[in-house]
Amino acid sequence: MGSYSVEEFVGDGTLKGLIPKLVEEGWDDVPTLKMMNFQDMDHMKFTQHQKDALELRSYLHDRSLMEYADRLEVSRMSLAELLTLSTSTLATQFDMKRGHVARFIDRTITCHVPIPPSHSFPARERTLSSISRSTQDNEASRDLRRKQSAISSAKQSSKQEESTDKSRSDVIRKEGYVFKGIVASEPADPRLCGCVQPPPVVDSVAPYSTIENISVQKLTPEYKVGMHRLVEAKAPPMRASELWRDQPVVLLCIRRPGCIMCRAEAHQLYARKPVFDALGFQLIAVLHEQIEQEVRDFWPRYWGGVVVLDQGKDFFKALGGGDLLKDKFLTGFVFNPRAIANYKRAKSTGLDQNFRGEGEIKGGLFIVGRGKTGIAYQFIERNFGDWAPIGEVIDICSQFQNEWSAQEESV
C-alpha cells in the first residue's frame with residue numbers, strides 16, 4: 001500500500017511518458033490517478049496497453065506488490081490474464097515469493113475508494129466544461145456536482161468501512177466504545193489479568209485555545225509530481241491556526257513515522273484524498289520529533305499531504321487533556337491484546353517498518369474547522385495502533401460540508 005510518488009507508481013513502463021500530460025490534466029497524485037475510469041482514459045487517449053498497465057499497477061499497489069509491477073507489465077498480459085496463471089507459473093516466470101503469490105491472487109484485498117460516477121475528476125471536468133454554456137455556468141455546475149458528490153462519497157465510504165470492519169465495530173460498541181460527536185476513543189482493557197490499568201483518557205474535546213497558537217514548522221508540502229521536499233530548505237515556524245485559516249483540516253498526529261501501525265493508518269487515510277478534496281478538507285500529518293531520514297522515508301511513500309513538526313508536542317498534549325498520553329512498550333504493547341491485534345492488522349498490509357525514534361507518546365486525530373470555527377472531532381490513540389474510524393471521520397467532514405452549503409444557500 002505504500003509508494004505515493006507518481007514516478008514510483010507509473011514505473012519505467014508505458015505510462016512513464018504520460019506523466020507531463022497527467023500533470024497538466026490534474027492527475028498528479030496516486031490516490032486521484034487510481035480513480036481513473038475508462039472514460040477518463042479514453043479522454044487522455046490511452047492505448048489498450050496503457051489501460052492494462054494502470055489497472056495492473058492499481059491492483060498491485062493495493063496489495064503492496066509494486067516490486068513486481070515492471071516485470072508483470074513487460075509481459076504485456078492484462079490483469080485478467082495474469083490472474084488465470086497458475087501459482088507455479090507466477091513463481092517461476094515472475095520470480096514471485098510464495099506469500100506474494102497468495103496476496104496477488106486474493107481478489108478480496110482492496111483499498112479502492114468508492115466514488116460515485118457524478119464526481120468530477122480533472123479529465124471529465126475539462127470535457128464537460130468544453131460543452132457548457134459559459135465559464136461562469138461551468139464553475140457553478142462543478143461546484144454543485146462537487147457538493148452533491150461529497151455527500152454521496154462520504155456515505156459510500158462510511159458504508160464500506162462498516163461492511164469491512166463490521167464484526168470489530170460491533171465488539172467495540174458492546175464494550176463501551178465512546179463517540180459523542182466530538183471525542184472518540186477505543187476501549188482499553190486492563191492488562192496482566194487486571195494488574196495493570198490502561199492510562200486514563202479525556203472524555204471531552206480539547207479547547208480551541210489549546211491548539212490555535214501552537215508553533216509548528218512545515219517539513220514538506222503537499223506532494224505533487226517533481227516537487228522538492230522542504231526538508232532541504234528549513235521553513236520558518238508558524239502559528240498552527242495558519243494551517244486552517246482558509247480551509248478546514250484533518251490533522252493526523254503521528255506517534256512515530258517509522259512505526260508500521262502509524263504508516264498503515266496514514267496510508268489508509270490518505271488513500272481517501274479524493275473524498276477529502278471533494279469535501280474541501282486538507283490532510284496534514286503532525287510529527288513531534290524531526291529525524292530527517294524518517295521524514296524522507298514517510299513522505300510521500302506513506303503520506304502525500306503536508307507534514308508539520310510540533311516540536312513542543314502541544315498537539316499531543318491537547319489529546320491527553322494537557323499532558324502527554326504515554327504508555328510503556330512492555331505493558332502497553334507486549335501485554336496488551338488490542339495493541340497486538342492492531343499490529344497484526346498493520347503487518348498484514350505488507351508495509352516496511354523501523355524502530356527509530358520516540359514511540360511511547362500516543363497520537364490521534366483532530367478535525368478543525370476553517371478560521372476560528374474550532375475543533376469538531378478528536379480521536380485518541382488509547383491502545384497502540386488504534387485508528388480513527390475512516391467512516392466516522394468522513395461523516396464529520398461531510399457534516400461540515402453540509403453546513404457550509406446551507407449557509408451559502410441562505411446568503
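## Close-up views of a predicted model

By the rule used here, the count of salt bridges comes to 20. The structure is a predicted model, so please read each legend with that in mind.

**View 1. A salt bridge joins R301 and E8.** Let us start with one pair of side chains. R301 and E8 meet in a salt bridge, with 2.4 Å from N to O. This pair links distant parts of the chain: R301 sits in the loop between α15 and β7, E8 belongs to helix α1 (residues 6-10), and the two are 293 residues apart. R301 counts as partly exposed, at 31% relative accessibility. E8 is partly exposed as well, with a relative accessible area of 37%. As general background, side chains of opposite charge can pair when their charged atoms come close.

**View 2. D70 and R57 form a salt bridge between two helices.** Here the closest N and O atoms of D70 and R57 are 2.6 Å apart. D70 lies in helix α6 (residues 69-74) and R57 in helix α5 (residues 48-62), a separation of 13 residues along the chain. Are these two residues buried or partly exposed? D70 is partly exposed, because its relative accessible area of 35% falls between the limits of 20% and 50%. R57 is buried, with a relative accessible area of 1%.

**View 3. K273 and E222 belong to a network of salt bridges.** The side chains of K273 and E222 meet at 3.5 Å, N to O. K273 lies in helix α14 (residues 273-279), while E222 is in the loop between β3 (215-220) and β4 (237-239), so the salt bridge ties together parts that are 51 residues apart in sequence. K273 counts as buried, at 4% relative accessibility. E222 counts as partly exposed, at 31%. Salt bridges with shared partners join D29, E222, K273 and D277 into one network.

**View 4. Strand β5 pairs with β6 and with β8.** Strand β5 (residues 249-253) runs parallel to β6, and the two pair over 5 bridges. Look for V249 opposite Q282 in β6, and for V250, whose bridge partner in β6 is L283. With strand β8 (residues 364-368), β5 is joined by 5 bridges in the antiparallel sense. In β8, the bridge partner of V250 is I367. How many residues of β5 are buried? The count is 5 of its 5 residues, and the strand is mostly covered. Both of its faces are covered: V249, L251 and C253 are buried on one side, and V250 and L252 are buried on the other.

**View 5. Strand β6 continues the pairing to β7.** The next view follows β6 (residues 282-287) to another partner. 5 of the 6 residues of β6 are buried, so this strand is largely enclosed by the rest of the structure. β6 pairs with strand β7 (residues 306-309) in the parallel sense over 4 bridges. V286 stands opposite V308 in β7. Together, β6, helix α15 (residues 292-298) and β7 make a right-handed β-α-β unit.

**View 6. Helix α13 is enclosed.** Now we turn to helices. In α13 (residues 260-270), 11 of the 11 residues are buried, so the helix is largely enclosed by the rest of the structure. Its buried residues include charged ones such as R263 and E265, along with I260, M261, L269 and Y270.

**View 7. Helix α18 has a buried face.** Which residues of helix α18 (residues 337-347) are buried? They are R338, A339, N342 and A346. Seen down the axis of α18, these residues fall within an arc of 100°, so they line one face of the helix. An α-helix has 3.6 residues a turn, so residues three or four places apart point the same way. On the face of α18 turned away from the buried side are the exposed residues P337 and K344.

**View 8. A nonpolar patch lies on the surface.** L192, F329, L330, V334 and F335 form this patch, with about 450 Å² of accessible area together. One of its members, L330, lies in helix α17 (residues 329-334). L330 is partly exposed, with a relative accessible area of 48%.

How values were computed: Residues are numbered from 1 along each chain as its sequence is written. This is a predicted model: local features need pLDDT of at least 70, side-chain atom pairs count only at pLDDT 80 or more; totals for chains, interfaces and linings use all residues. Side-chain values use heavy atoms; hydrogens and water are left out. Patches are made of residues with over 30% relative accessible area and no salt bridge: like charges are joined within 9 Å, nonpolar side chains (Val, Leu, Ile, Met, Phe, Trp, Tyr) within 5 Å. Accessible areas come from the Shrake-Rupley method with a 1.4 Å probe; for residues, only the protein chains shown count as cover. A salt bridge is a side-chain nitrogen of Lys or Arg within 4 Å of a carboxyl oxygen of Asp or Glu. Buried means under 20% relative accessible area, exposed over 50%, partly exposed in between (1.4 Å probe, protein chains only). Two strands pair if DSSP finds at least two bridges between them. A crossover is right-handed if, with the strands pointing away from the viewer, the path from the first strand over the helix to the second runs clockwise. The arc is that of the directions from the helix axis to the C-beta atoms.
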